[in-house]
Amino acid sequence: MKPDRQHTKIPRWQSLGHLLRTQALRMGDQTLLRFEGRNLSFARVESLSNQLANVLRALGVKKGNKVAVMMPNGLEYPLCWLALAKLGAIMIPINIQYRASELEFVLNNAEADIAIAGRKQIQALKGLKSRCPSLREIVLFSMDSTISGTRNLYSEMEKASMECSIDCVQQGDLLNLQYTSGTTGFPKACMLSHKYWLQLGQDMCNYARVSAHDVDLTAQPFYYMDPQWNVVLCMIAGIPLVILPRFSASTFWKSVKDNQVTFFYLIATMPVYLLKQPENPEIEKKHKVRLVMCSGIVPQLHAAFE
């Protein structure tokens, strides 16, 4: 299959929130996000992200505010990103594997105002609060658990309005401070706008020739950019995104088969680990995958992996 390399036109949506709202009206109860057997439809993602945006607004988050997000993979992460997008706020994705020195650097370098954490990440953030002058509040966002004495945004969403204005947000507005891996020193922030994500999602959708019959999958951590552009691609195409908790070579093909996945994107060592798994034709052959996109594969392994 030869991908369509023609550059797409400027995205027609005003913002990420506008894209979601448009597609929620069109796709309704069709699944957008799937995680460990739980599905959220386009309409449900729209209403939940509106509620979360209103809870965050009540917390003082407004356009231009910088919000650190340190959570594992799950339904919460894309909901949080989309809610911040609707407010015109700026997300700072935080690597959950950061050591204290790296975490402190990013929080201060970005001048994060609020931090949203998962259950296992919140203590690391609380331990650094006194050394991060701009950080005024640390909150939990978890659909499944609460922590005594810690504010859980999810518990406040039920009473929040399901309507949220997105008129103040434009394509050129900043959405992410996406920090690099920091291989030669401390990480550096890439400034990514709504237009950046809309264009990338649209270009990848065209490149993969995505149709209404496709199912996408992501196994990378959400603090990487890959799962984020996969969310945008799926919103544009009107198809489901299967989110795995993490990449596991031993269970990957089973997840692909069970979820009827048709395409996915891998990076770096993922294909190497998959090649090392014992052959199992039941799951490696009897699936619906039509396309695999990869980057960073060792050249000597290209033919073997194909």
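This short presentation covers one sheet, two pockets and the confidence of a predicted model.

Residues are numbered from 1 along each chain as its sequence is written, and side-chain values use heavy atoms, with hydrogens and water left out. In this predicted model, local features need pLDDT of at least 70 and side-chain atom pairs count only at pLDDT 80 or more, while totals for chains, interfaces and linings use all residues.

I begin with confidence. The chain has a mean pLDDT (the predictor's confidence in each residue, from 0 to 100) of 93, and 97% of its residues reach 70 or more. Over residues 1–5, pLDDT stays under 50, and the model has eleven contacts (heavy atoms within 4.5 Å) for them beyond four places in sequence.

I turn to the sheet. Six strands form an open sheet in the order E2-E1-E10-E9-E11-E12, with mixed pairing. Strands (E, at least two residues) and helices (H or I, at least four) are DSSP runs, numbered from the N terminus, and two strands pair if DSSP finds at least two bridges between them. Strand E2 (38–41) and strand E12 (291–295) each have a single partner strand, so one side of each is left without a neighbour in the sheet. Within the sheet, strands E1 (residues 31–35) and E10 (residues 241–243) run parallel and are joined by three bridges. Arg34 has Val242 in E10 as its bridge partner.

Next, the pockets. A pocket is an open set of points on a 1 Å grid over the protein atoms alone, where a 1.4 Å probe fits, with protein on both sides within 12 Å along at least five of seven lines; lining residues have an atom within 4 Å of a point. The largest pocket holds about 860 Å³, the space filled by probe spheres set on the points. Its lining has 32 residues, and the closest to its centre are Phe35, Pro72, Asn73, Pro245 and Arg246.

The second largest pocket has a volume of about 540 Å³. Among its 17 lining residues, Trp253, Val292, Ala304, Phe305 and Glu306 lie nearest its centre. Helix H12 (302–305) supplies the largest share of this lining, three residues.
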